[in-house]
Amino acid sequence: MKTTEEVALGIRRRVFEHSMRNNGGYLSQACSAAEQLAFLYNEALNLGQPTLPMIPRPFSGVPSADNPDYVTGAGYNGPFEPHYDRLFIAPAHYALVAYATLIEVGRMAPEGLEMFNKDGSSVEMIGAEHSPGMEVHNGTLGIGLSTGAGLAWGRKRRGETGEVCVFMSDGEVQEGQTWEAVQAAAHHGIDNLWAIMDVNRQQCDGAMDSVMEVGDIATKLRNFGAVVVEIDAHDIGAMRQAKAEPHEGRPLIMLAHSSPTKGMEFLQQRFPRLHYVRFKSEQERADMNHAIAAELGIDPINYGQ
């Protein structure tokens, strides 16, 4: 079995290789979130064996009376049994990083990435409910924690022992629904809910503070009723300690302060526009290929011309 550190490195390498071959990708999200998703899948969550094929099926249409065999992509996280945990990936644009994680932990075949963003594929660029590892569609940003809280409340009432985890991004605190979810979870004692938030201070239009300042997130979350632990997002030991924080009667939120260039420091040249990296020229692509490959300890990617 791989260590969580090995899984995190594998995530970065896969996302980098994919981005080089496909002339761009969500590199920064792999930098900031690799340890977080590795931690969730490799050790923190109690998940059963996948119930869907290793190579994802094509998109089979939306749920309807004429499509009775419709399933979501959550089967890659295991069955919906009462004792297993459930995971919601709230920022759907982290899909490429999530797929790389599924491959690294043996829940999806590497061939799945070859279907990424192709017509008729379920392996969407922006994860939808039919995409591997996804259970619901979480765009627009900000609805993931509410979804998780609702499921956790239902599971608690039914006496199910499995927890509900939400992986979030810090841009979601710009949405009012996120704060309603925290407040409702605290009021209703939904303590089988926990979240880890990738606090990388970046979003589509640049640095978060240039779009909308959010202030002291930790203090705000505590005021709304959550138990909050702030950690270094790249310190897996700190994640383990944070997950063990008592939070009876309240949701737990781990604020994982991350670097959007961790492991790929060459991306600093793009700062602060890091949301989606599309190469400006073949020369930049070649420079990035050699520089980041060296940082990740691999050979440059042979992506052809």
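Which residue with a positive phi follows helix 1? That's Asn23, with phi near 60 degrees. The close-ups below start from there, and they all come from a predicted model.

**View 1. Helix 1 and the residue that comes after it.** Helix 1 covers residues 4-21, which makes 18 residues. From its first C-alpha to its last it reaches 26 Å, close to the 26 Å expected at 1.5 Å a residue. Quite a list of its residues is buried, including Thr4, Val7, Ala8, Ile11, Phe16 and Met20. Arg12 and His18 are on that buried list too. What's covering them? Among the elements that cover the buried residues of helix 1 are helix 2, helix 3, helix 8 (236-243) and helix 9 (282-296). Once helix 1 is done, look for Asn23 and its positive phi.

**View 2. The five-stranded sheet.** Here's an open sheet with the strand order 1-2-3-7-6 and parallel pairing. Strand 1 (86-89) and strand 6 (227-232) sit at the edges with a single partner strand each, so one side of each has no neighbour in the sheet. Going from one strand to the next, the twist averages 20 degrees. Zoom in on strand 3 (residues 193-199) and strand 7 (residues 252-257), and you'll find six bridges joining them in the parallel sense. Pick Ile196, and its bridge partner in strand 7 is Met254.

**View 3. Two helices packed on the sheet.** Helix 2 (residues 27-44) touches strand 1, strand 2 (164-169), strand 3 and strand 7. Its direction makes about 155 degrees with that of strand 3. Helix 4 (residues 144-157) also packs on the sheet, touching strand 1, strand 2 and strand 3. The direction of helix 4 makes about 170 degrees with that of strand 2.

**View 4. Ser258, in a loop after strand 7.** Ser258 is found in the loop between strand 7 and helix 9. Is Ser258 buried or exposed? Its relative accessibility is 13%, and since buried means under 20%, Ser258 counts as buried. The side chain of Ser258 makes a polar contact with the side chain of Asp198, at 2.5 Å. Leaving aside neighbours within four places in sequence, Ser258 is in contact with Ser32, Gln36, Asp198, Val199, Asn200, Ala233 and His234.

**View 5. Gly120 in its loop.** Gly120 lies in the loop between helix 3 (95-104) and helix 4. Setting aside neighbours within four places in sequence, Gly120 is in contact with Pro58 and Phe59. Tyr26 is 94 residues away along the chain, and the C-alpha atoms of Gly120 and Tyr26 are separated by 21 Å.

Terms used
Residues are numbered from 1 along each chain as its sequence is written. This is a predicted model: local features need pLDDT of at least 70, side-chain atom pairs count only at pLDDT 80 or more; totals for chains, interfaces and linings use all residues. Side-chain values use heavy atoms; hydrogens and water are left out. Two strands pair if DSSP finds at least two bridges between them. Helices (H or I, at least four residues) and strands (E, at least two) are DSSP runs, numbered from the N terminus. Axes are lines fitted to C-alpha atoms, for helices over the stretch in contact, and angles run from 0 to 180 degrees between N-to-C directions. Contact means heavy atoms within 4.5 Å. The expected span of a helix is 1.5 Å times one less than its number of residues. Buried means under 20% relative accessible area, exposed over 50%, partly exposed in between (1.4 Å probe, protein chains only). A polar contact is a pair of N or O atoms within 3.5 Å; within protein, one must be able to donate a hydrogen and the other to accept it, and residues adjacent in sequence count only if both atoms are side-chain atoms.
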